[in-house]
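User: Please take a close look at one sheet in this model, then carry on to the parts you can describe alongside it. Keep it brisk.

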Amino acid sequence: MRYFLEFDTSRLPEEEVQVLVCGSGIGGLTCAIVLKELGLSPVLLTRGIGNTYYSQGGIAGAVHPQDSPYAHFLDTLRAGRYLNDEEAVRIMVSEGLLRIADLERWGVDFDKDGGTYSTTTEGGHSYPRVLKVKDYTGREIYTKLLERVRELGVPIISGELQEILGEDSVAGALYWDGSSLKLIRTPALVLATGGAASMFKHTSNPSKVRGDGIGIAFRAGVSIKNPEFVQFHPTVLEGTNLLISEAVRGEGAILVNSKGERFVDELQPRDVVARAIFNVLRSGERVFLDMRPVAERGVRLEERFPTIVSFLRDRGMDPSREPIPVVPAAHYYIGGLEVDTFGRTSMMGLYAVGECACTGVHGANRLASNSLLEGVVFGYRTAYRIYLDLKYLNPSKARFRNSSGGDSDPDLSFEELRNLMWEKVGLERGEDELRKAKHTLESRVRRAFSLKPTRENRQLLDILLVALATVEGALSRRESRGVHYRTDFPHEREIFRRDTLVSPEILDH
């Protein structure tokens, strides 16, 4: 392992904790709550609001008697082009019902109609099984789970993870508290740091979610699984990162081109819809989401979608009177750190949950509203696994020292990286574009390892590593499948099951 920041742990302020949870999305918050309810003493490290808060659509679950977890299972496999880990999918759709009950136990108030759940249909679902809270489901879940964390007395530290310490097993972590570097010794560390979709020019992700947590673990020796699968959301407001929920199309909104012509079935899986929009845009036309059919059915848009309507009206647009210009944008990083169904990585004492982890449930394309479900299900299971593993994990008192250095600034900025990924590794990829991206990224990674060891340079290095892994995965998968579309291999194969693993050993080259 090679560390990037210059530090000497013998001179750093330090503390020892039983379990450190890094990240405050649904996976991290769930894990922290369950750890505390099991009688353990977790500490939560967070750098602020992440993707869960901004999730509009909802959380999928077969709560209706007419529905079934098996139907949800089949829909998930179909959307994932049968590359899914079937065991993980079965766990998610069955245990998900229990976790929805837990969310309500922790204070989440899902929409009801006469006492029963008011659910909606989203793309790829065969039944209206998406539970929601208007169009701010993620905000409701985040707020109530954070309140529960505080009620339980879980300490919350504001800061950014910098390094995972340890060789074969976790010894601790370094974090930046806004003014200085600090050390936390712990035998158990949970990464819940979010995905890496923000490394693309057009994205729905907030700026703080950059994928560097995945890069930190990659440098610590954990492989990245299926990184080529990046889901692009079809409808983000043109010129912004505001996602217009798939639930809007589920309620009857349609997509039209500049001539007002409908060109796609809006309820097909996201990869199909996003590429259809991309091809219209590439022809020189614009694409619009027309919500007027929803209003014409008697649905009051400002009541059903208050956040979206408010945002649009603040920008001078009225969705009840005019179509809204939209573009596809990188939304969800399906790949991530390789974990088992209990969140365990290959490094003893290191766990990962949520979007930074790859459980295999999403396969080649995530079914709408399965991400929140995955976070709560596997966040819960990881907490129980940690409870058992702590009997075998011992705190380390080892000292660490690193003296890497340099005096140059990076020759590739984060914005330049985003442009590169959008142009060469976006919705459609080909061999030539991918190889050009790989050549650029390899040279920038080599240079980044020799840069002056500042916090900003370290973060850029970690994002570059995730980008390089994404390109490596895209080159390895010589087929089109789900959200991974190769222009030189445009047809999906009927039978092809293979996960892509990108090992940190690529850094040895």
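Analyst: **A mixed sheet, a loop and two hairpins**

Start with one pair: E338 stands opposite C358, a residue of strand β22. The model is predicted. E338 belongs to strand β20, which covers residues 336-338. β20 and β22 run parallel, and 2 bridges join them.

Now widen the view. The sheet is open and has 4 strands. Their order is β22-β20-β15-β24, and the pairing is mixed. Residues 357-358 make up β22 and residues 501-502 make up β24; both strands stand at the edges. Each has a single partner strand, so one side of each is left without a neighbour in the sheet.

A helix packs on this sheet: α6, residues 212-219. α6 touches three strands, namely β15 (224-225), β20 and β24. The direction of α6 makes about 30° with that of β20.

Next, a loop. N241 lies between strand β16 (230-237) and helix α7 (246-250). How accessible is N241, and how does it count? Its relative accessibility is 40%. Buried would need under 20% and exposed over 50%, so N241 counts as partly exposed. Setting aside residues up to four places away in sequence, N241 touches T203, S204, N205, P206 and V236. L98 gives a wider reference point. N241 and L98 are 143 residues apart along the chain, and 33 Å separates their C-alpha atoms.

Last, the hairpins around strand β12. This strand spans residues 172-176 and is mostly covered, with 4 of its 5 residues buried. β12 has an antiparallel pairing with β11 and another with β13; take β11 to begin with.

Strand β11 holds residues 160-165 and pairs with β12 over 5 bridges, in the antiparallel sense. One residue pair shows the register: L165 has G172 of β12 as its bridge partner. β11 and β12 form a hairpin with 6 residues between them. G166 sits in that turn, with a positive phi of about 125°.

Then β13. This strand takes in residues 181-185 and runs antiparallel to β12, with 5 bridges joining the two. Here L174 has L183 in β13 as its bridge partner. The hairpin of β12 and β13 has 4 residues between the strands. In this hairpin G178 takes a positive phi, near 105°.

Notes:
Residues numbered from 1 in each chain as written. Predicted model: local features only at pLDDT ≥ 70, side-chain atom pairs only at ≥ 80, totals over all residues. Heavy atoms only, no water. Pairing = 2+ DSSP bridges. Contact = heavy atoms within 4.5 Å. Axes fitted to C-alpha atoms, helices over the stretch in contact; angles between N-to-C directions. Buried < 20%, exposed > 50% of the residue type's maximum accessible area, 1.4 Å probe, protein only.
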